[in-house]
Amino acid sequence: MLRKLLILGIFAGTSASIPIVYEANPHLVDGLLKSTVASRPAAPEAQSQVNLASVPDKPATPMPLGRQVLVSADARGHFTSQFKLNGRQIDGLIDTGATLVAINASTARRIGISLNPSDFNRQVNTANGAIKAAVVTVERLQIGKISVDNVQAMVLDDKALQTNLIGMSFLQRLQKYQVQNGALLLVQ
């Protein structure tokens, strides 16, 4: 029984590594497939039939493992993009220095979050000083193929926050985020 589990584990590990090898070097895998197809002797009856399983001449585009989004830096070096909050399209700036996602009151109304003045009961320190904020939960925050549910956010007055900020309450729930070649890579 242990031998069967060991063999199954080796088979599963090998099978799982095939997409990783393909993503890293698709030309190598395509070359192996072409050499395997070319080395097979053709059966006489197969020559008159159409081969539906032929290998394409150009390599296929590698499929990403998991969900990835690449956000290019703007002219100022900021990573701005379009996001969906609760299914509504908004513009935002990815800010690794922000503890939470921060949205202004008009964006909150647009995405279906209604607040009373009494909800603004938290004091937060911003670059412009201390202000009152309301802590809310955004049901879903999406950028491209990446989607995170139940993201904690704060709502600030429109005068205090003109640009929506995508902070660490979203970023820390990703597999990774890193800057590479002037762009921010987000991986879920």
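**Strand 1 and its sheet**

I began with Leu 70 and looked up its bridge partner in strand 10, which turned out to be Leu 185. The model is a predicted one, and I kept that in mind for every entry that follows. Strand 1 and strand 10 (residues 183–187) run antiparallel and are joined by five bridges. I then asked in which order the strands of this sheet lie, and I found an open sheet of three strands in the order 1-10-9, with antiparallel pairing. Strand 1 (68–72) and strand 9 (176–180) are the edge strands, each of them pairing on one side only. Neighbouring strands of this sheet are turned against each other by 20 degrees on average, with direction ignored.

**The chain as a whole**

I next stepped back to the overall layout and noted four helices and 10 strands in the chain. Read along the sequence, these elements follow the pattern α-α-β-β-β-β-α-β-β-β-β-α-β-β. The chain has 188 residues, and 29% of them count as buried. For the exposed surface I noted about 12,600 Å², of which carbon and sulfur atoms supply 54%. Among the contacts in the chain with a separation of 6 or more, 58% are between residues 24 or more positions apart.

**Strands 2 and 3**

Strand 2 is joined to strand 3 (residues 88–94) by six bridges, and the two strands run antiparallel. I picked out Thr 80 as one reference point, and its bridge partner in strand 3 is Leu 93. Two residues lie between the strands in this hairpin, where Asn 86 takes a positive phi near 50 degrees.

**Strand 6 and its partners**

Which strands pair with strand 6? I went through three pairings in turn, beginning with strand 2, then strand 5 and then strand 7. Strand 2 (residues 80–85) pairs with strand 6 (residues 129–143) in the antiparallel sense over two bridges, and Leu 85 has Leu 141 as its bridge partner there. Strand 5 (residues 122–126) is also antiparallel to strand 6, with five bridges joining them, and Arg 122 stands opposite Ala 133 in strand 6. Strand 5 and strand 6 form a hairpin that has two residues between them.

On to strand 7 (residues 146–156), which runs antiparallel to strand 6 and is joined to it by nine bridges. Here I marked Val 138, whose bridge partner in strand 7 is Val 151. This pair of strands is again a hairpin with two residues between them, and Gly 144 in the turn has a positive phi of about 55 degrees.

**The nonpolar cores**

I then looked up which residues have the most contacts inside the largest nonpolar core, a set of 30 residues, and the list reads Val 71, Ile 94, Val 101, Leu 141, Ile 143, Phe 170 and Leu 186. A second, separate core has nine residues, and Leu 93, Leu 100, Val 124 and Leu 161 are among them. I followed Ile 143 further and, leaving aside its neighbours within four places in sequence, found it in contact with Val 69, Val 71, Ser 81, Gln 82, Phe 83, Phe 170 and Leu 186.

**Val 101**

Is Val 101 buried or exposed? Val 101 has a relative accessible area of 0%, so it counts as buried, the cut-off being under 20%. Val 101 is found in strand 4 (residues 101–104). Not counting residues up to four places away in sequence, I noted that Val 101 touches Leu 141, Val 151, Gln 152, Ala 153, Met 154, Leu 165, Ile 166, Gly 167, Ser 169 and Phe 170. For one of these contacts I also noted the spacing, since Val 101 and Val 151 are 50 residues apart in sequence and 7.8 Å apart in space, C-alpha to C-alpha.

**Ser 169**

My last entry concerns Ser 169, which lies in helix 4 (residues 168–171). Why does Ser 169 count as buried? Its relative accessibility is 6%, and buried means under 20%. The side chain of Ser 169 reaches the backbone oxygen of Gln 152 at 2.7 Å. With residues up to four places away in sequence not counted, Ser 169 touches Thr 99, Leu 100, Val 101, Val 151 and Gln 152.

Conventions
Residues numbered from 1 in each chain as written. Predicted model: local features only at pLDDT ≥ 70, side-chain atom pairs only at ≥ 80, totals over all residues. Heavy atoms only, no water. Buried < 20%, exposed > 50% of the residue type's maximum accessible area, 1.4 Å probe, protein only. Contact = heavy atoms within 4.5 Å. Areas by Shrake-Rupley, 256 points an atom, 1.4 Å probe, with all protein chains shown as cover. Pairing = 2+ DSSP bridges. Axes fitted to C-alpha atoms, helices over the stretch in contact; angles between N-to-C directions. Core = buried A, V, L, I, M, F, W, Y, C linked by side-chain atoms within 4.5 Å. Polar contact = N/O pair within 3.5 Å; in protein donor to acceptor, adjacent residues only side chain to side chain.
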